[in-house]
Amino acid sequence: MAVTNDTTQLTGLLKNVYAKGIVDAYSFAAPLASRLIKFDQQAAGLGNTYNQPVDLQLENSFTSSAADTVPTFLAINAGKMENATATGCQLYGRSAVSYEAMARSKYPTQKAFETAVKRVTKRPSMSHLKRLAMQLICGRRGVAVVESSTNGTVTSTTIITAESWSAARFAGMVGATLSAQRANRSTAIFPTTVAGTASLTAVATSTRTLTIVGLAADMDDLSTANGVGAILYLESNGTITQFGNTTEIAGLEAWCNMSGTWFNIATGTYDLWNPNVYSTSTGVISFGKIVEAAEMTAPYGAVKKLVALCSVKAFSVLNTDLAALRQYDSSYKTSKGELGVEGIEFKCSVGTIEILPHPMCSDGICIIFAPDEVLRTGACDIEFVERNGEKLVLESATTPSGEMRTMSNQQLFVEQPRHLVYMSGITFG
(Lines give C-alpha, C1' and ligand atoms only; values in the text may rest on other atoms or scores of the structure.)
Protein backbone atom coordinates (compact mmCIF):
# COMPACT_ATOMS: atom_id res chain seq x y z
CA MET A 1 0.00 0.00 0.00
CA ALA A 2 1.39 3.37 -1.02
CA VAL A 3 2.14 5.91 1.70
CA THR A 4 2.65 9.00 -0.48
CA ASN A 5 0.29 10.23 -3.16
CA ASP A 6 2.73 10.47 -6.03
CA THR A 7 1.97 10.65 -9.75
CA THR A 8 1.19 6.93 -9.96
CA GLN A 9 -1.60 7.40 -7.38
CA LEU A 10 -3.01 10.41 -9.26
CA THR A 11 -2.96 9.04 -12.80
CA GLY A 12 -6.56 9.96 -13.52
CA LEU A 13 -6.03 13.53 -12.35
CA LEU A 14 -3.15 14.45 -14.66
CA LYS A 15 -3.79 15.35 -18.31
CA ASN A 16 -1.72 14.65 -21.38
CA VAL A 17 -1.07 17.76 -23.44
CA TYR A 18 -0.54 17.50 -27.17
CA ALA A 19 0.72 19.93 -29.75
CA LYS A 20 -1.73 21.54 -32.17
CA GLY A 21 -0.73 19.38 -35.12
CA ILE A 22 1.53 16.72 -36.57
CA VAL A 23 5.09 17.48 -37.62
CA ASP A 24 6.11 16.00 -40.96
CA ALA A 25 9.76 15.46 -40.07
CA TYR A 26 10.43 13.78 -43.38
CA SER A 27 9.06 16.49 -45.68
CA PHE A 28 11.64 17.75 -48.16
CA ALA A 29 11.57 20.40 -50.85
CA ALA A 30 11.67 18.94 -54.35
CA PRO A 31 12.85 21.79 -56.57
CA LEU A 32 13.88 19.48 -59.40
CA ALA A 33 10.48 17.83 -59.76
CA SER A 34 8.34 20.87 -58.95
CA ARG A 35 10.21 23.71 -60.68
CA LEU A 36 12.97 22.68 -63.07
CA ILE A 37 12.16 19.23 -64.45
CA LYS A 38 8.41 19.23 -64.81
CA PHE A 39 6.15 16.47 -66.06
CA ASP A 40 4.03 17.73 -68.95
CA GLN A 41 1.35 15.21 -69.84
CA GLN A 42 0.47 16.98 -73.07
CA ALA A 43 4.04 17.35 -74.31
CA ALA A 44 5.71 14.24 -72.89
CA GLY A 45 2.96 11.88 -71.73
CA LEU A 46 3.25 8.57 -73.52
CA GLY A 47 1.48 5.30 -73.98
CA ASN A 48 4.48 3.38 -75.26
CA THR A 49 7.85 5.00 -76.06
CA TYR A 50 9.06 8.61 -76.15
CA ASN A 51 11.02 9.24 -79.35
CA GLN A 52 13.40 12.13 -79.93
CA PRO A 53 15.20 12.38 -83.29
CA VAL A 54 18.73 13.72 -82.71
CA ASP A 55 20.91 15.12 -85.51
CA LEU A 56 24.33 13.87 -84.42
CA GLN A 57 26.61 14.23 -87.43
CA LEU A 58 27.04 17.03 -90.00
CA GLU A 59 27.49 16.68 -93.74
CA ASN A 60 31.25 16.41 -94.25
CA SER A 61 31.87 16.40 -97.96
CA PHE A 62 33.32 19.82 -98.86
CA THR A 63 35.92 20.20 -101.60
CA SER A 64 38.22 23.22 -101.66
CA SER A 65 40.20 24.26 -104.72
CA ALA A 66 42.67 26.96 -105.69
CA ALA A 67 41.70 29.53 -108.34
CA ASP A 68 41.91 28.43 -111.97
CA THR A 69 41.98 24.74 -111.13
CA VAL A 70 39.47 21.97 -111.74
CA PRO A 71 38.75 20.27 -108.43
CA THR A 72 38.08 16.61 -107.89
CA PHE A 73 35.14 16.22 -105.57
CA LEU A 74 35.59 14.35 -102.34
CA ALA A 75 33.30 11.41 -101.83
CA ILE A 76 30.00 12.25 -100.18
CA ASN A 77 30.18 11.88 -96.42
CA ALA A 78 26.59 12.13 -95.25
CA GLY A 79 25.38 13.38 -91.92
CA LYS A 80 23.59 11.13 -89.48
CA MET A 81 20.42 11.28 -87.43
CA GLU A 82 19.50 8.76 -84.76
CA ASN A 83 16.30 8.26 -82.79
CA ALA A 84 16.71 8.43 -79.02
CA THR A 85 14.00 6.45 -77.23
CA ALA A 86 12.85 6.51 -73.63
CA THR A 87 10.40 4.31 -71.77
CA GLY A 88 8.94 5.17 -68.37
CA CYS A 89 10.06 3.30 -65.27
CA GLN A 90 7.37 2.09 -62.92
CA LEU A 91 7.41 3.13 -59.26
CA TYR A 92 4.77 1.88 -56.83
CA GLY A 93 4.12 2.68 -53.19
CA ARG A 94 1.96 0.68 -50.78
CA SER A 95 0.39 1.68 -47.46
CA ALA A 96 -2.10 -0.11 -45.23
CA VAL A 97 -4.32 1.06 -42.37
CA SER A 98 -6.30 -1.16 -40.03
CA TYR A 99 -10.08 -0.98 -39.70
CA GLU A 100 -9.65 -0.21 -35.99
CA ALA A 101 -7.41 2.79 -36.71
CA MET A 102 -9.95 4.03 -39.28
CA ALA A 103 -12.79 3.74 -36.75
CA ARG A 104 -10.98 5.28 -33.79
CA SER A 105 -9.85 8.30 -35.82
CA LYS A 106 -13.03 8.71 -37.83
CA TYR A 107 -13.99 12.06 -36.33
CA PRO A 108 -10.99 14.45 -36.26
CA THR A 109 -10.87 17.21 -33.59
CA GLN A 110 -12.90 14.96 -31.30
CA LYS A 111 -10.88 11.76 -31.30
CA ALA A 112 -7.70 12.54 -33.26
CA PHE A 113 -5.71 15.25 -35.01
CA GLU A 114 -6.89 13.92 -38.35
CA THR A 115 -8.33 10.73 -39.75
CA ALA A 116 -5.98 7.78 -40.10
CA VAL A 117 -6.93 7.51 -43.75
CA LYS A 118 -5.93 11.15 -44.37
CA ARG A 119 -2.59 10.66 -42.60
CA VAL A 120 -1.83 7.40 -44.39
CA THR A 121 -2.84 9.04 -47.67
CA LYS A 122 -0.47 11.96 -47.08
CA ARG A 123 2.49 9.88 -45.96
CA PRO A 124 2.88 7.74 -49.10
CA SER A 125 2.49 10.85 -51.26
CA MET A 126 5.43 12.49 -49.48
CA SER A 127 7.41 9.25 -49.51
CA HIS A 128 6.79 8.72 -53.22
CA LEU A 129 7.85 12.30 -53.99
CA LYS A 130 11.10 11.77 -52.10
CA ARG A 131 11.85 8.53 -53.96
CA LEU A 132 11.13 10.26 -57.28
CA ALA A 133 13.29 13.29 -56.41
CA MET A 134 16.10 10.97 -55.37
CA GLN A 135 15.92 9.00 -58.61
CA LEU A 136 16.03 12.20 -60.67
CA ILE A 137 19.47 12.78 -59.14
CA CYS A 138 21.04 9.38 -58.52
CA GLY A 139 18.72 6.86 -60.18
CA ARG A 140 20.62 3.81 -61.49
CA ARG A 141 23.82 4.99 -59.78
CA GLY A 142 22.88 3.99 -56.23
CA VAL A 143 22.23 6.00 -53.08
CA ALA A 144 25.72 5.56 -51.60
CA VAL A 145 29.16 4.01 -52.06
CA VAL A 146 30.66 1.92 -49.26
CA GLU A 147 33.98 3.03 -47.80
CA SER A 148 34.24 0.23 -45.23
CA SER A 149 31.99 -2.25 -43.45
CA THR A 150 32.32 -4.22 -40.22
CA ASN A 151 30.33 -7.40 -39.76
CA GLY A 152 28.61 -8.30 -36.46
CA THR A 153 27.06 -11.59 -37.62
CA VAL A 154 23.72 -10.36 -38.98
CA THR A 155 24.46 -6.66 -38.39
CA SER A 156 26.76 -4.65 -40.60
CA THR A 157 28.17 -1.26 -39.56
CA THR A 158 28.80 0.43 -42.87
CA ILE A 159 30.61 3.73 -43.45
CA ILE A 160 29.75 5.66 -46.62
CA THR A 161 32.36 7.56 -48.65
CA ALA A 162 32.48 11.32 -48.12
CA GLU A 163 31.94 11.96 -51.82
CA SER A 164 28.73 9.91 -52.11
CA TRP A 165 27.25 10.90 -48.74
CA SER A 166 23.89 12.66 -48.54
CA ALA A 167 22.23 12.69 -45.13
CA ALA A 168 18.87 13.62 -46.66
CA ARG A 169 18.77 10.43 -48.72
CA PHE A 170 18.62 8.38 -45.52
CA ALA A 171 16.46 10.73 -43.43
CA GLY A 172 13.23 8.97 -42.50
CA MET A 173 14.42 5.79 -44.25
CA VAL A 174 14.93 3.51 -41.23
CA GLY A 175 13.05 0.33 -42.07
CA ALA A 176 13.74 0.56 -45.81
CA THR A 177 15.18 -2.55 -47.42
CA LEU A 178 18.45 -2.31 -49.35
CA SER A 179 20.31 -4.13 -52.08
CA ALA A 180 24.00 -3.92 -52.92
CA GLN A 181 26.33 -4.63 -55.81
CA ARG A 182 30.07 -4.81 -56.01
CA ALA A 183 32.01 -1.88 -57.41
CA ASN A 184 31.90 -3.48 -60.86
CA ARG A 185 28.11 -2.93 -60.88
CA SER A 186 27.54 -6.41 -62.25
CA THR A 187 27.74 -8.77 -59.27
CA ALA A 188 25.19 -8.78 -56.47
CA ILE A 189 26.29 -8.75 -52.84
CA PHE A 190 22.78 -8.95 -51.38
CA PRO A 191 20.07 -10.05 -51.35
CA THR A 192 21.32 -13.35 -52.76
CA THR A 193 18.62 -15.78 -51.62
CA VAL A 194 15.56 -13.91 -50.25
CA ALA A 195 14.35 -10.44 -51.24
CA GLY A 196 13.64 -7.88 -48.53
CA THR A 197 16.07 -9.37 -45.98
CA ALA A 198 18.53 -6.45 -45.64
CA SER A 199 17.04 -3.54 -43.69
CA LEU A 200 18.36 -0.13 -42.66
CA THR A 201 18.01 0.03 -38.87
CA ALA A 202 20.00 3.15 -37.90
CA VAL A 203 21.71 6.19 -39.42
CA ALA A 204 24.56 8.14 -37.78
CA THR A 205 24.88 11.31 -39.81
CA SER A 206 27.96 12.69 -38.05
CA THR A 207 30.03 9.64 -38.98
CA ARG A 208 28.30 8.75 -42.28
CA THR A 209 27.44 5.35 -40.80
CA LEU A 210 24.57 3.03 -41.65
CA THR A 211 23.53 0.04 -39.59
CA ILE A 212 22.21 -2.73 -41.82
CA VAL A 213 20.62 -5.94 -40.57
CA GLY A 214 20.34 -8.90 -42.92
CA LEU A 215 21.25 -12.52 -43.49
CA ALA A 216 24.57 -13.52 -41.93
CA ALA A 217 26.13 -14.62 -45.22
CA ASP A 218 25.11 -11.39 -46.97
CA MET A 219 26.46 -9.16 -44.20
CA ASP A 220 29.71 -11.15 -44.17
CA ASP A 221 30.07 -10.65 -47.93
CA LEU A 222 29.56 -6.89 -47.49
CA SER A 223 32.27 -6.75 -44.82
CA THR A 224 34.93 -8.51 -46.89
CA ALA A 225 36.92 -6.97 -49.73
CA ASN A 226 33.76 -7.21 -51.85
CA GLY A 227 32.21 -4.42 -49.79
CA VAL A 228 34.85 -1.77 -50.49
CA GLY A 229 33.44 0.43 -53.21
CA ALA A 230 30.14 -1.46 -53.16
CA ILE A 231 27.07 0.40 -54.44
CA LEU A 232 24.02 0.57 -52.18
CA TYR A 233 20.52 0.85 -53.66
CA LEU A 234 17.12 1.14 -52.11
CA GLU A 235 15.72 -2.28 -52.94
CA SER A 236 13.62 -1.93 -56.06
CA ASN A 237 11.85 -5.22 -56.62
CA GLY A 238 10.40 -8.20 -54.79
CA THR A 239 12.80 -10.56 -56.52
CA ILE A 240 16.53 -11.08 -56.05
CA THR A 241 17.28 -10.72 -59.76
CA GLN A 242 16.45 -7.03 -60.28
CA PHE A 243 18.44 -4.06 -59.00
CA GLY A 244 18.16 -0.31 -59.21
CA ASN A 245 20.76 0.01 -61.94
CA THR A 246 18.24 -1.43 -64.39
CA THR A 247 14.82 -0.66 -62.92
CA GLU A 248 15.12 2.95 -61.76
CA ILE A 249 14.80 6.22 -63.63
CA ALA A 250 18.14 7.16 -65.17
CA GLY A 251 19.00 10.19 -63.02
CA LEU A 252 21.30 13.09 -63.82
CA GLU A 253 24.26 11.22 -62.33
CA ALA A 254 23.57 8.30 -64.67
CA TRP A 255 23.33 10.59 -67.70
CA CYS A 256 26.68 12.10 -66.70
CA ASN A 257 28.21 8.60 -66.60
CA MET A 258 26.58 7.13 -69.71
CA SER A 259 28.39 4.47 -71.72
CA GLY A 260 27.68 1.94 -74.43
CA THR A 261 24.29 2.33 -76.09
CA TRP A 262 22.37 4.93 -74.12
CA PHE A 263 18.70 5.48 -74.87
CA ASN A 264 19.18 3.75 -78.23
CA ILE A 265 22.21 5.84 -79.34
CA ALA A 266 25.82 4.61 -79.26
CA THR A 267 27.95 6.89 -77.08
CA GLY A 268 31.15 5.55 -78.63
CA THR A 269 30.02 6.48 -82.13
CA TYR A 270 28.73 10.00 -81.61
CA ASP A 271 30.72 12.59 -79.70
CA LEU A 272 27.62 14.77 -79.28
CA TRP A 273 25.86 11.99 -77.34
CA ASN A 274 28.22 12.27 -74.37
CA PRO A 275 28.46 14.50 -71.29
CA ASN A 276 31.40 16.70 -70.30
CA VAL A 277 33.53 15.63 -67.34
CA TYR A 278 35.22 18.57 -65.64
CA SER A 279 37.25 16.56 -63.15
CA THR A 280 37.01 13.52 -60.91
CA SER A 281 39.12 15.37 -58.31
CA THR A 282 37.61 18.85 -58.32
CA GLY A 283 38.82 19.72 -54.81
CA VAL A 284 37.37 22.69 -52.94
CA ILE A 285 34.47 24.11 -54.93
CA SER A 286 34.56 27.75 -56.04
CA PHE A 287 32.85 30.15 -58.44
CA GLY A 288 35.89 30.03 -60.69
CA LYS A 289 35.70 26.25 -61.04
CA ILE A 290 31.96 26.31 -61.75
CA VAL A 291 32.44 28.92 -64.47
CA GLU A 292 35.34 26.93 -65.91
CA ALA A 293 33.19 23.80 -65.91
CA ALA A 294 30.21 25.61 -67.45
CA GLU A 295 32.41 26.91 -70.25
CA MET A 296 32.91 23.30 -71.39
CA THR A 297 29.44 23.56 -72.93
CA ALA A 298 30.39 26.60 -75.06
CA PRO A 299 31.76 24.67 -78.08
CA TYR A 300 28.43 22.86 -78.32
CA GLY A 301 26.14 25.86 -78.61
CA ALA A 302 24.90 28.51 -76.20
CA VAL A 303 21.96 27.84 -73.90
CA LYS A 304 19.64 30.31 -72.21
CA LYS A 305 20.42 29.14 -68.70
CA LEU A 306 22.48 26.57 -66.85
CA VAL A 307 21.84 25.16 -63.39
CA ALA A 308 24.63 23.89 -61.15
CA LEU A 309 23.11 21.27 -58.85
CA CYS A 310 25.17 20.82 -55.70
CA SER A 311 24.89 19.72 -52.08
CA VAL A 312 23.89 22.09 -49.31
CA LYS A 313 27.42 21.71 -47.94
CA ALA A 314 28.97 22.83 -51.25
CA PHE A 315 26.50 25.71 -51.49
CA SER A 316 27.67 26.97 -48.09
CA VAL A 317 31.22 27.19 -49.43
CA LEU A 318 30.02 29.12 -52.48
CA ASN A 319 27.89 31.37 -50.26
CA THR A 320 30.95 32.25 -48.19
CA ASP A 321 32.93 32.83 -51.38
CA LEU A 322 30.28 35.27 -52.58
CA ALA A 323 30.19 37.07 -49.22
CA ALA A 324 33.95 37.55 -49.35
CA LEU A 325 33.70 39.10 -52.80
CA ARG A 326 30.82 41.41 -51.91
CA GLN A 327 31.40 45.13 -52.37
CA TYR A 328 29.66 47.52 -50.04
CA ASP A 329 27.07 49.66 -51.79
CA SER A 330 24.10 51.84 -50.83
CA SER A 331 22.48 48.88 -49.07
CA TYR A 332 25.28 48.80 -46.47
CA LYS A 333 24.07 49.46 -42.92
CA THR A 334 26.32 50.32 -40.01
CA SER A 335 23.73 49.02 -37.54
CA LYS A 336 23.35 45.56 -38.99
CA GLY A 337 25.69 43.34 -40.96
CA GLU A 338 24.18 40.82 -43.36
CA LEU A 339 26.23 38.31 -45.30
CA GLY A 340 25.23 35.32 -47.39
CA VAL A 341 22.35 34.57 -49.73
CA GLU A 342 19.56 32.02 -50.09
CA GLY A 343 20.17 31.54 -53.81
CA ILE A 344 22.94 32.42 -56.24
CA GLU A 345 22.50 33.37 -59.88
CA PHE A 346 25.19 35.07 -61.93
CA LYS A 347 26.25 35.88 -65.47
CA CYS A 348 29.29 34.42 -67.19
CA SER A 349 30.65 33.85 -70.67
CA VAL A 350 28.12 31.09 -71.45
CA GLY A 351 25.06 32.90 -70.06
CA THR A 352 23.26 32.73 -66.73
CA ILE A 353 24.15 30.12 -64.13
CA GLU A 354 21.94 29.34 -61.14
CA ILE A 355 23.48 27.53 -58.17
CA LEU A 356 20.83 25.16 -56.83
CA PRO A 357 21.51 23.49 -53.46
CA HIS A 358 19.64 20.21 -53.08
CA PRO A 359 19.66 18.16 -49.87
CA MET A 360 19.70 14.88 -51.79
CA CYS A 361 22.72 15.74 -53.91
CA SER A 362 25.93 13.96 -52.84
CA ASP A 363 28.45 16.14 -51.00
CA GLY A 364 31.23 15.44 -53.49
CA ILE A 365 29.32 15.92 -56.75
CA CYS A 366 28.07 18.93 -58.73
CA ILE A 367 26.09 18.54 -61.96
CA ILE A 368 25.58 21.35 -64.46
CA PHE A 369 22.61 21.02 -66.82
CA ALA A 370 20.34 23.13 -69.02
CA PRO A 371 16.81 22.99 -67.52
CA ASP A 372 15.18 23.86 -70.86
CA GLU A 373 16.63 20.66 -72.30
CA VAL A 374 15.67 18.26 -69.51
CA LEU A 375 12.22 16.77 -69.10
CA ARG A 376 10.28 13.99 -67.45
CA THR A 377 8.42 11.75 -69.85
CA GLY A 378 6.20 8.77 -69.12
CA ALA A 379 2.65 7.57 -68.66
CA CYS A 380 1.80 9.51 -65.48
CA ASP A 381 3.08 11.70 -62.67
CA ILE A 382 2.66 10.66 -59.02
CA GLU A 383 -0.95 9.63 -58.43
CA PHE A 384 -3.05 7.26 -56.38
CA VAL A 385 -4.31 4.18 -58.14
CA GLU A 386 -7.96 4.95 -58.83
CA ARG A 387 -11.07 3.25 -60.12
CA ASN A 388 -14.00 5.32 -61.39
CA GLY A 389 -12.44 8.52 -60.06
CA GLU A 390 -12.02 7.22 -56.50
CA LYS A 391 -8.83 6.23 -54.70
CA LEU A 392 -8.64 2.46 -54.84
CA VAL A 393 -8.64 0.84 -51.41
CA LEU A 394 -7.78 -2.83 -51.60
CA GLU A 395 -9.19 -4.98 -48.86
CA SER A 396 -6.80 -7.45 -47.25
CA ALA A 397 -7.93 -11.07 -47.41
CA THR A 398 -6.08 -12.08 -44.25
CA THR A 399 -6.12 -9.02 -41.94
CA PRO A 400 -8.77 -6.41 -41.03
CA SER A 401 -7.18 -3.61 -43.03
CA GLY A 402 -7.31 -1.69 -46.29
CA GLU A 403 -4.43 -0.88 -48.62
CA MET A 404 -3.79 2.18 -50.79
CA ARG A 405 -1.27 2.38 -53.60
CA THR A 406 0.58 5.22 -55.32
CA MET A 407 2.23 4.97 -58.71
CA SER A 408 4.25 6.91 -61.24
CA ASN A 409 5.60 5.97 -64.65
CA GLN A 410 8.39 8.29 -65.74
CA GLN A 411 11.80 8.63 -67.29
CA LEU A 412 14.28 11.50 -67.23
CA PHE A 413 15.37 12.58 -70.70
CA VAL A 414 18.19 14.98 -71.61
CA GLU A 415 17.89 16.34 -75.14
CA GLN A 416 21.53 17.43 -75.47
CA PRO A 417 23.92 15.51 -73.21
CA ARG A 418 26.80 17.75 -74.38
CA HIS A 419 25.28 20.49 -72.24
CA LEU A 420 25.83 18.35 -69.13
CA VAL A 421 28.96 18.84 -67.01
CA TYR A 422 29.98 16.45 -64.23
CA MET A 423 32.13 17.65 -61.35
CA SER A 424 33.15 15.03 -58.78
CA GLY A 425 35.79 14.67 -56.11
CA ILE A 426 34.66 17.84 -54.31
CA THR A 427 36.38 18.26 -50.93
CA PHE A 428 35.90 20.59 -47.97
CA GLY A 429 39.24 21.21 -46.42
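Where is His358 placed relative to β17 and β18?

1. **His358.** This is a predicted model. His358 is found in the loop that links β17 (351-357) to β18 (365-369). This loop residue counts as buried, because its relative accessible area is 0%. The side chain of His358 makes a link to backbone: it reaches the nitrogen of Met360 at 3.1 Å.

2. **Overall make-up.** The protein chain holds 10 helices and 25 strands. It has 429 residues, and 41% of them count as buried. Take the contacts between residues at least 6 apart in sequence: 77% of these join residues at least 24 apart. The exposed surface of the chain comes to about 22,700 Å². Carbon and sulfur atoms supply 53% of that area.

3. **Thr406 and its surroundings.** Thr406 belongs to strand β23, which spans residues 401-414. Its relative accessible area is 1%, so Thr406 is buried. Which residues does Thr406 contact, leaving aside neighbours within four places in sequence? They are Leu91, Tyr92, Gly93, Pro124, His128, Glu383 and Phe384. With His128 the link is also polar: the two side chains make a polar contact at 2.7 Å. Val385 lies 21 residues away from Thr406 along the chain, yet their C-alpha atoms are separated by 5.7 Å.

4. **Strand β10.** This strand covers residues 231-234, and both of its faces are covered. On one side sit Ile231 and Tyr233; on the other, Leu232 and Leu234. All of these are buried. β10 runs antiparallel to strand β4 (residues 144-152), with two bridges between them. In that pairing, Ala144 has Leu232 as its bridge partner. β10 also runs antiparallel to strand β6 (residues 178-181), here with four bridges. On this side, Gln181 stands opposite Ile231.

5. **Cysteines.** How many disulfides does a search of the whole structure find? The result is zero. Two cysteines show why. For Cys256, the closest cysteine sulfur is that of Cys366, 9.7 Å away, so the distance is too far for a bond. For Cys366, the closest cysteine sulfur is in Cys310, at 5.4 Å, and this too is too far for a bond. A disulfide would need the two sulfur atoms within 2.5 Å. Cys256 counts as buried, because its relative accessibility is 3%. Cys366 is buried as well, with a relative accessibility of 1%.

6. **A cis peptide bond.** The bond from Phe190 to Pro191 is cis, and its omega is near -5°. Pro191 lies in the loop between β7 (188-190) and β8 (199-204).

7. **Positive phi at Arg185.** Arg185 is not a glycine, yet its phi is positive, at about 60°. The residue sits in the loop between β6 and β7. Is Arg185 buried or partly exposed? It counts as partly exposed, because its relative accessibility is 24% and buried means under 20%.

8. **Positive phi at Arg208.** Arg208 is not a glycine either, and its phi is positive at about 55°. Its place is the loop between β8 and β9 (209-213). With a relative accessibility of 23%, Arg208 counts as partly exposed.

Definitions and conventions. Residues are numbered from 1 along each chain as its sequence is written. This is a predicted model: local features need pLDDT of at least 70, side-chain atom pairs count only at pLDDT 80 or more; totals for chains, interfaces and linings use all residues. Side-chain values use heavy atoms; hydrogens and water are left out. Buried means under 20% relative accessible area, exposed over 50%, partly exposed in between (1.4 Å probe, protein chains only). Contact means heavy atoms within 4.5 Å. Accessible areas come from the Shrake-Rupley method with a 1.4 Å probe; for residues, only the protein chains shown count as cover. A polar contact is a pair of N or O atoms within 3.5 Å; within protein, one must be able to donate a hydrogen and the other to accept it, and residues adjacent in sequence count only if both atoms are side-chain atoms. Two strands pair if DSSP finds at least two bridges between them.
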